Amino acid sequence: MNFLEERICRDGIVKPGNVLKVDSFLNHRIDIRLLDQIAREFARRFAGQKITKVLTIESSGIAIACAVARELGVDAVFAKKTASVNLDGDVYVAEVDSFTRKNHSKVIVSKRCLDARDHVLIVDDFIANGCALQALISIVESAEATVAGLGIVIEKGFQEGGYRLRNLGYRLESLAIIDRMDAETGELVFRRDPKAGPVF
Ligand code: 5GP
């Protein structure tokens, strides 16, 4: 098991509805040493990609994006969730369905934050169905910038987002891939071979 899988086993809580809670170390209380390890690992995996910005979605992605951006020596940008958008032409907009909140919203990024010269590493805490990442990809495309890669801390391999985005040709690196989890027993099974097929 890698450092993250060990931590997930120790402190992650499997909830009904295919939700893994990692509030005690990643997205409420944040273990900064773990965050730095995560950031170093992403920087290692995406070394040589000439990344100019790290993009994420608020709120749980922000700490991760900042840590990765610091490792890479570039700025972090986060897409803001908004109920109503004043489409005055100064923002890129994308639609996103939330897996955890079961709602639909828009996210925006100011045009001042991204442009066509950017090589963007998109990061987030989880991928489930891939809606959040798809929205961020669409924002990068609206800016005519390049998606340099996708970095996910925890992929739920039994949901189709990771499979779909890899099939679209994106380089998606997940630091832990969960193939199976059970809220009743608390069992968590990690994917040993990241190239192995999905388990839906
Ligand atoms: P997707 O858009 O891929 O369906 O879901 C990804 C988003 O939903 C992430 O931004 C993440 O914050 C949230 N999410 C999805 N699954 C989980 C989960 O099991 N636990 C937590 N804490 N967040 C999740």
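Let us start where two helices meet: in this predicted model, helix α1 passes helix α2 in a left-handed crossing. Helix α1 covers residues 3-11 and helix α2 residues 32-45, and their axes come within 10 Å and cross at roughly 145°. On the α1 side, the contact is made by Phe3, Leu4 and Arg7, while α2 brings Leu34, Gln37 and Ile38. Sorted by character, the residues of this contact divide into 4 nonpolar, 1 polar and 1 charged.

Now follow Leu4 inward. Beyond its neighbours within four places in sequence, Leu4 is in contact with Leu34 and Ile38, and also with Val153, Ile154, Leu175 and Ala176. Leu4 also belongs to the largest nonpolar core, a set of 34 residues in which Leu4, Ile8, Leu20 and Ile154 touch the most other members. At least two residues of this core come from each of α1, α2, α3 (61-72), β7 (119-127), β8 (146-156), β9 (172-181) and β10 (188-190). A second, separate core holds 27 residues, including Tyr92, Leu136, Ile139 and Ile152. In soluble globular proteins, nonpolar side chains tend to be buried together.

Finally, take a look at the cysteines. A disulfide is a covalent bond between the sulfur atoms of two cysteines. How many disulfides does the structure hold? The number is 0. For Cys113, the closest cysteine sulfur lies in Cys66, and because the two sulfurs are 13 Å apart, they are too far for a bond. Cys113 is partly exposed, with a relative accessible area of 29%. Cys9 is partly exposed too, with a relative accessible area of 37%.

Methods
Residues are numbered from 1 along each chain as its sequence is written. This is a predicted model: local features need pLDDT of at least 70, side-chain atom pairs count only at pLDDT 80 or more; totals for chains, interfaces and linings use all residues. Side-chain values use heavy atoms; hydrogens and water are left out. A disulfide is a pair of cysteine sulfur atoms within 2.5 Å. Buried means under 20% relative accessible area, exposed over 50%, partly exposed in between (1.4 Å probe, protein chains only). Axes are lines fitted to C-alpha atoms, for helices over the stretch in contact, and angles run from 0 to 180 degrees between N-to-C directions. Helices (H or I, at least four residues) and strands (E, at least two) are DSSP runs, numbered from the N terminus. A crossing is left-handed if the near helix is turned anticlockwise from the far one by less than a right angle, and right-handed if clockwise. Contact means heavy atoms within 4.5 Å. Ala, Val, Leu, Ile, Met, Phe, Trp, Tyr, Cys and Pro count as nonpolar, Asp, Glu, Lys and Arg as charged, and the others, Gly among them, as polar. A nonpolar core is a set of buried Ala, Val, Leu, Ile, Met, Phe, Trp, Tyr and Cys residues joined through side-chain atoms within 4.5 Å.
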